[in-house]
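Got a minute for a quick tour of this one? Have the viewer open and follow along.

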Amino acid sequence: MSYSNSDRPLVEIRSLVKHFRLRGGWLTGRRIVLHAVDGVDLTIMPGESFGLVGESGCGKTTLGRCILRLVRPTSGQVIFDGTDLSELTRREMRHLRRQMQIVFQNPFSSLSPRFRIFDIIAEPLRTHKVLPKLPRHLLYDRVVELLEQVGLGRQHLDRYPHELSGGQCQRVAIARALSLDPRLLILDEPTSALDVSVQAQILNLLVRLRHELQLTYLFISHNLSVVEHISDRIGVMYLGKLVEIGPTETVFREPLHPYTRALLQSVPLPIPGARKEAIPLHGNVPSPANPPSGCRFHTRCRLATDICRTDEPPLQEIAPGHLVACHLVGN
Ligand code: SF4
């Protein structure tokens, strides 16, 4: 569901590539190139919640960081609300970054243990000079308002992160991310470090905040159940590439890419009998330093044929808004 009538995407990613050059072993001294993100095209509309799923190491976190320019893409473009981020100066990027914030997986490591909760949430407001000359009591009011928005209160202001539970720390991290009134929140596995019972509370909080504040989400997770709960659309990523994109309900009811079907095996069926026959997932993800030729999934796909080993399948629109990269789909 979108909360804006704007036809312009809030985020537009064009042919994005991010390769990391690493030093090889001391014996060979050869450079290794990690293909973290390898030619991704994606749009996220204002007010949309887009879920990005895939196994660990598939490049989804790197993609999120490229959007924020926490890492510089090797090539390709990230366009935020019509502005090509590669054309911005450091100062302009810093200013624009107020509109895009990130919540990390581990709240304990993302909050400074030396600061009280008040200072942690007030820090972005001070750094970005949002409230530079305001009396302290207005800053205090704003921090309390943010805490209450995430289900905490003024009794938490003077505490330190180690005095809070994991769920409470993640609420503080969310409050801090909201402090600058962002339009885009990148949520990088925000519940995976939490107990199962707390995960549901944080997810419900994120659903509520999105509605109340009309936020746009890029929700990154390896857990399809979590993504299903919060996303309008889903993108499935494998070894640096998007292999399937579609509305959440469509992808869950009618997954078409063998990798998506394999991932969905472990997720309880929302509609009994709705899903296609499961495809078992064999082996581990190949190294992004040496991705397979052709379809990158062919080393694990029991449906692979000769063409899969040589030709890369393009991401094609199979039905309105449903895109799949597989030689066996849509041909
Ligand atoms: Fe499997 Fe071939 Fe489709 Fe790749 S292109 S997912 S290897 S069938």
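Below are some notes on confidence, the ligand site, one helix and a few backbone angles.

## How far to trust it

This is a predicted model. The chain has an average pLDDT of 90, and 90% of the residues reach at least 70. Residues 270-274 are the patch to watch: pLDDT there is below 50, and the stretch makes four contacts in the model beyond near neighbours in sequence. Where pLDDT is low, don't read the predicted coordinates in detail.

## Around the ligand

The ligand takes up the space of the largest cavity. There are 13 residues around the ligand, and the ones that come nearest are Cys-295, Cys-301, Cys-308, Cys-326 and His-327. Sorted by class, the shell is 10 nonpolar and three polar residues, with no charged ones.

## Helix H1

H1 covers residues 60-68 and is mostly tucked away, with seven of its nine residues buried. The buried set is Lys-60, Thr-62, Leu-63, Gly-64, Cys-66, Ile-67 and Leu-68. Right after H1 comes Arg-69, whose phi is positive at about 60°.

## Two more positive phis

Ser-15 isn't a glycine, yet its phi is positive, near 45°. This residue belongs to strand E1, residues 11-23. Is Ser-15 buried or partly exposed? Its relative accessibility is 41%, so Ser-15 counts as partly exposed.

Gln-214 is another non-glycine with a positive phi, this time about 55°. You'll find Gln-214 in the loop linking helix H7 (196-213) and strand E8 (216-221). Because its relative accessibility is 49%, Gln-214 counts as partly exposed; the exposed class needs over 50%.

Definitions and conventions. Residues are numbered from 1 along each chain as its sequence is written. This is a predicted model: local features need pLDDT of at least 70, side-chain atom pairs count only at pLDDT 80 or more; totals for chains, interfaces and linings use all residues. Side-chain values use heavy atoms; hydrogens and water are left out. Buried means under 20% relative accessible area, exposed over 50%, partly exposed in between (1.4 Å probe, protein chains only). Helices (H or I, at least four residues) and strands (E, at least two) are DSSP runs, numbered from the N terminus. A residue is near a molecule or strand if one of its heavy atoms lies within 4 Å of it. On a 1 Å grid over the protein atoms alone, a cavity is a set of points where a 1.4 Å probe fits but cannot get out, and a pocket is an open set with protein on both sides within 12 Å along at least five of seven lines; lining residues have an atom within 4 Å of a point. A molecule sits in a cavity or pocket if more than half of its atoms lie within 2 Å of its grid points. Ala, Val, Leu, Ile, Met, Phe, Trp, Tyr, Cys and Pro count as nonpolar, Asp, Glu, Lys and Arg as charged, and the others, Gly among them, as polar. pLDDT is the predictor's confidence in each residue, from 0 to 100. Contact means heavy atoms within 4.5 Å.
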